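This report describes one protein chain, moving from a single loop residue to the helices and then to the chain as a whole. The sequence and structure are shown first.

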Amino acid sequence: MSREEERDLLSPSISEEESEQVELLVEERISQQSSSNNNNNNASKQTGVKRESFRREEEEEEEEEDLEYQSETIMTILKPVSITMIFVIWAVRTISIANAVAGLGNPVYTVYNESPSDSGLLRFGGALLNALLFLVMITVVTFMFVLLYKYRCYKLLYGWLVMSAVMMFGLFGGLLSYLLLQAYNLPIDWLTFTFSLWNFAVVGVLTVFWHGPTKINQIYLILVGGLMAIFFTRLPEWTTFAILAIIAIYDLAAVLCPKGPLKMLVDMAQERKEPIPALIYNASVYMMMADKEVQIPEEPSRRKGVKLGLGDFVFYSVLIGRAAMFNMITVFTCFFAIITGLFFTLLLLAIFRRALPALPISIGLGIIFYFATSVFLYPFVLNLSFTPIYV
């Protein structure tokens, strides 16, 4: 007997029906495994789709929050700038600073005294000379400030700022209050006036440089910008526009150039992770304290508030004050030009997320609209008022 026959005799016999059943069981098992694999693949795909949709929803919510935050930030900057300019317009239309301080002589940063009888070329050259002298003074003062901050001379810095604020609130504020009392013919004794002025100056210094309610702090910062702008309106017209144009160009270079003084100051403050010792309007503080519905941001790096130096407030208001000395039509055009320029500056700030100069766009648009209104729009409106057109 061969080996194959012995193996056939030893192995159990299996019928054809049983072999078919075994094959069916095997096929059923295979189909179940394949269906379970398909189900697992479908479940994993659905999970991936859900995760992707959830991620997209989160991104959309973050974009909406960013957009809402940027709009709130823009409004918190536009409001104080608008209030400062309105304050300057009211003061300039009520009193004349140039006549009130005529006996004090020319400012120290002017070497040319503009006269209406001078030729246009002479006035242009004299205004440019005054503007250059003012630029040199600003540059020297800024570099002195940067050096004191670099070598951590904080006592000198804060002493300098406190003395400037005391002079601003006490001297300029007192003179402006006296002129307004005269303009509105309001009686007050010297004792009450002196006591009120002393309290006004002391509260302002403590609120700005130490501690105080946020709204009071913002009000005093707006008053500082307004007071400085009001007393800059004593400058002649050509000198005013020359200074504004040169300061706008200087602001562009000082902020964007690698060795610009303001660029160096911002970089040092970021390296030390400390605030700049200067008069700066912080929009984020104002927003969080004034509007309780706005939540405090969780991401400080992405939720930093916009900070605007009071120098920007001052030069915006100087331009609008000069327009207020001409006519109200020029005031409205310059006002909207400055606000539009500031809006575009804030838009660029949201895009580039770095320190940008706030003067060039606003001052450029303001000067263009000032001359366009005074040369074209105002004569047209004046002529139209005398010779109406009937349709």
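## A loop residue: V111

In this predicted model, V111 has a relative accessibility of 54% and therefore counts as exposed, the cut-off being over 50%. The residue is located in the loop between α3 (97–100) and α4.

Which residues does V111 contact, once its neighbours within four places in sequence are left aside? The partners are L129, N130 and L133. The C-alpha atom of V111 also lies 7.8 Å from that of G126, although 15 residues separate the two along the chain.

## Packing of α4 and α5

Two packed helices are described by the angle between their axes and the distance between the axes. For helix α4 (residues 120–150) and helix α5 (residues 154–184), the angle is about 140° and the axes are 8 Å apart. This angle makes α4 oblique to α5, because an angle must be over 145 degrees to count as roughly antiparallel. The crossing of the two helices is left-handed.

The α4 side of the contact consists of V141, F145, L148 and Y149. These residues meet Y154, L156, L157, W160 and L161 of α5. An α-helix has 3.6 residues a turn, so residues three or four places apart point the same way.

## Helix α11

Helix α11 covers residues 310–324, a run of 15 residues. At 1.5 Å a residue, the helix should span 21 Å, and its end C-alpha atoms are indeed 21 Å apart, so the expected and computed spans agree. The helix is mostly covered, with 14 of its 15 residues buried.

## Cysteines

How many disulfides does the structure hold? The count is zero. A disulfide is a covalent bond between the sulfur atoms of two cysteines.

Two cysteines can be described by their accessibility. C257 has a relative accessible area of 35% and is therefore partly exposed, as this value falls between the 20% and 50% limits. C334, at 0% relative accessibility, counts as buried, because the limit for that class is under 20%.

## The chain as a whole

The chain contains 13 helices and two strands. Of its 391 residues, 35% are buried.

Contacts in the chain between residues at least 6 apart in sequence include many that span long stretches: 78% of them join residues at least 24 apart.

Terms used:
Residues numbered from 1 in each chain as written. Predicted model: local features only at pLDDT ≥ 70, side-chain atom pairs only at ≥ 80, totals over all residues. Heavy atoms only, no water. Helix = DSSP H or I, 4+ residues; strand = E, 2+ residues; numbered from the N terminus. Expected span 1.5 Å × (residues − 1). Buried < 20%, exposed > 50% of the residue type's maximum accessible area, 1.4 Å probe, protein only. Disulfide = S-S within 2.5 Å. Axes fitted to C-alpha atoms, helices over the stretch in contact; angles between N-to-C directions. Parallel < 35°, antiparallel > 145°, perpendicular 65-115°, else oblique. Left-handed = near helix turned anticlockwise from the far one by under 90°. Contact = heavy atoms within 4.5 Å.
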